[in-house]
Amino acid sequence: MSWLPTLQTATPEEGYELAIKLSRMAVKKTQPDDEARSKMRPEYANDAVSLIASSHVVAVNFHTVAQANDHWRDR
């Protein structure tokens with residue numbers, strides 16, 4: 001079974017959670033070594049630029065999910 005069967009979510013909040021998962025999976029697929037990711041985590045966890053960059057990636061993914069779900073249409 002696929003880890004990403006759909007971009008459809010019931011609410012914008014679920015869409016945001018999916019955006020976070022998309023972002024985390026991108027890191028995991030880019031660096032599949034758990035130990036290597038664990039070693040790097042303290043470096044970026046305390047670096048404002050890295051944290052802002054991570055937030056940007058989540059925002060881009062949320063934009064994609066929101067568009068797929070038409071979350072911005074007039075209700």
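**Exercise 1. Work out how much space the largest pocket holds and what lines it.**

Start with the volume: the largest pocket encloses about 660 Å³. Here a pocket is an open set of points on a 1 Å grid over the protein atoms alone, where a 1.4 Å probe fits, with protein on both sides within 12 Å along at least five of seven lines. The volume is the space filled by probe spheres set on the points, which are joined across faces, edges and corners. Keep in mind that this is a predicted model: local features need pLDDT of at least 70 and side-chain atom pairs count only at pLDDT 80 or more, while totals for chains, interfaces and linings use all residues. Side-chain values use heavy atoms, with hydrogens and water left out, and residues are numbered from 1 along each chain as its sequence is written.

Next, the lining. There are 22 lining residues (an atom within 4 Å of a point), and Ser23, Arg24, Val27, Arg41 and Tyr44 sit nearest the centre of the largest pocket. The elements giving two or more residues to that lining are α1 (12-30), α2 (34-45) and α3 (48-69); helices are DSSP runs of H or I, at least four residues, numbered from the N terminus. The largest share, 8 residues, is from α1.

Last, sort the lining by class: 11 nonpolar, 6 polar and 5 charged residues. Asp, Glu, Lys and Arg count as charged, Ala, Val, Leu, Ile, Met, Phe, Trp, Tyr, Cys and Pro as nonpolar, and the others, Gly among them, as polar.

**Exercise 2. Check the span of α1, then find its buried side.**

Step one is the ruler. The expected span is 1.5 Å times one less than the number of residues. For the 19 residues of α1 that gives 27 Å, and the end C-alpha atoms are indeed 27 Å apart.

Step two: list what's buried (under 20% relative accessible area, with a 1.4 Å probe and protein chains only). In α1 that's Gly15, Leu18, Ala19, Leu22, Ser23 and Met25. These residues share one side of α1, because they cover an arc of only 165° around the axis, taken from the directions from the helix axis to the C-beta atoms.

Step three: flip the helix over. Glu13 and Arg24 are exposed on the other side of α1, exposed meaning over 50%.

**Exercise 3. Do likewise for α3, and name a helix that covers its buried residues.**

Span: α3 has 22 residues and reaches 31 Å from first C-alpha to last, close to the expected 32 Å.

Buried set: Val58, Asn61, Val65, Ala66 and Asn69. They fall within an arc of 145° seen down the axis of α3, so they line one face of the helix. Turned away from that buried side are the exposed Val49, Ile52, His56 and Gln67.

Cover: what lies over the buried residues of α3 includes α1, and the cover of the buried residues of α1 includes α3.

**Exercise 4. Is His71 buried or exposed, and what does it touch?**

Locate His71 in the segment after α3. Its relative accessible area is 10%, so His71 is buried. Skipping neighbours within four places in sequence, His71 is in contact (heavy atoms within 4.5 Å) with Thr9, Thr11, Pro12, Val65 and Ala66.
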